[in-house]
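Colleague: I'm new to reading structures, and I'd like a close look at one small part. Please pick a spot where side chains meet and walk me through it slowly.

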Amino acid sequence: MISHEVDYRIHGADIQVLEVELDPQETVIAEAGAMVFMEDGIQFETKMGDGSNPNSGFFGKLVQMGARAITGESLFMTHFTHRGHGKAKVGFSAPYPGTIMPINLSEFPQGLVVQKDGFLAAALGTKIAMHFNQRLGAGFFGGEGFIMQRLTGDGLAFIHAGGTVIERHLHNETLRVDTGCVVAYENGIDFDIQRAGGLRSMVFGGEGLFLATLRGTGRVWIQSMPVKKLIQALMPHGGNANKEGGMFSSFLE
């Protein structure tokens, strides 16, 4: 299915809003609950599946729903279609502060592998499938990288990442990354999990016991603040608990 051609604009810096402009009969799909606003003429419908295969039967849609459940996403997706005249806009926001990345999937014929909670919205025609990492180590030690999503199509898709995003282009190189900081990479990049140095570094280094290792040639996107780190930092006994007077206040209690 050929993807719909949609125009877009991204507002804000830290807590961004994606604004998609639709022509009559154009459709954009999004995660349930991501919508912020929609103009007159746009109608939405919650459906099973991404709509990339309109001839798919009930069983096929059920399988796709099961795959989304495994990745931790909502079982349904919302389809926003412009049923009026002229142009109309619909806005989406991500569930936590970060950066919205527009990706033209036509540049990636083999698809793009994305963290399991990274998909925000896409033009109708984009296929969203489950991606299992084949490496055993990723399954045991790298929960963020074992079950991911694979996006394929020829239109625009929008991915959300936590904090700031860095794009790296590997040329038959190896890049080691915190297991939670991998946002996306080209299908074909090898993803594995390795120990973070020696025993002393693993126990006292503060960088975690394992690191994600990306090898090959292609583009890789890295986020500075994955949602798990954000939650840990904001917890009363998290990494920032002893900063800004937290240590002294604990003595006063």
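Modeller: Let's start with F80, which counts as buried because its relative accessibility is 3%. Its partner-to-be, F44, has 48% and so counts as partly exposed. The cut-offs are these: buried is under 20% relative accessible area, exposed is over 50%, and partly exposed is in between, with a 1.4 Å probe and protein chains only.

Before going on, keep in mind that this is a predicted model, where local features need pLDDT of at least 70 and side-chain atom pairs count only at pLDDT 80 or more, while totals for chains, interfaces and linings use all residues. Numbering runs from 1 along each chain as its sequence is written, and side-chain values use heavy atoms, with hydrogens and water left out.

Now for the rings. Searching the whole structure turns up 5 aromatic pairs. Rings of Phe, Tyr and Trp (its six-membered ring) pair if their centres lie within 6.5 Å; planes under 30 degrees apart are called stacked, over 60 edge-to-face, and the rest tilted. F44 and F80 make a tilted pair, with 5.8 Å from centre to centre and 35° between the planes. F44 sits in strand β5 (residues 42–47) and F80 in strand β6 (residues 77–82), so their pair ties together parts that are 36 residues apart in sequence. Strands here are DSSP runs of E with at least two residues, numbered from the N terminus.

Another pair, F108 with W221, is edge-to-face: 6.0 Å between centres and 75° between planes. F108 is in the loop between β8 (98–104) and β9 (112–114), while W221 is in strand β17 (residues 210–223), so this pair links parts 113 residues apart in sequence. Both F108 and W221 are buried.

Back to our spot: F44 and F80 join F92 in one aromatic cluster.

While we're here, have a look at a sheet too. It's an open one of 4 strands in the order β1-β2-β7-β4, paired antiparallel. Two strands pair if DSSP finds at least two bridges between them. At the edges are β1 (7–11) and β4 (35–38), each pairing on one side only. On average, neighbouring strands of this sheet are turned by 20° against each other, direction ignored. In the middle of that order, β2 (residues 17–22) and β7 (residues 88–93) pair over 6 bridges, in the antiparallel sense. To trace one yourself, go from L22 to A88, its bridge partner in β7.

Terms used. Axes fitted to C-alpha atoms, helices over the stretch in contact; angles between N-to-C directions.
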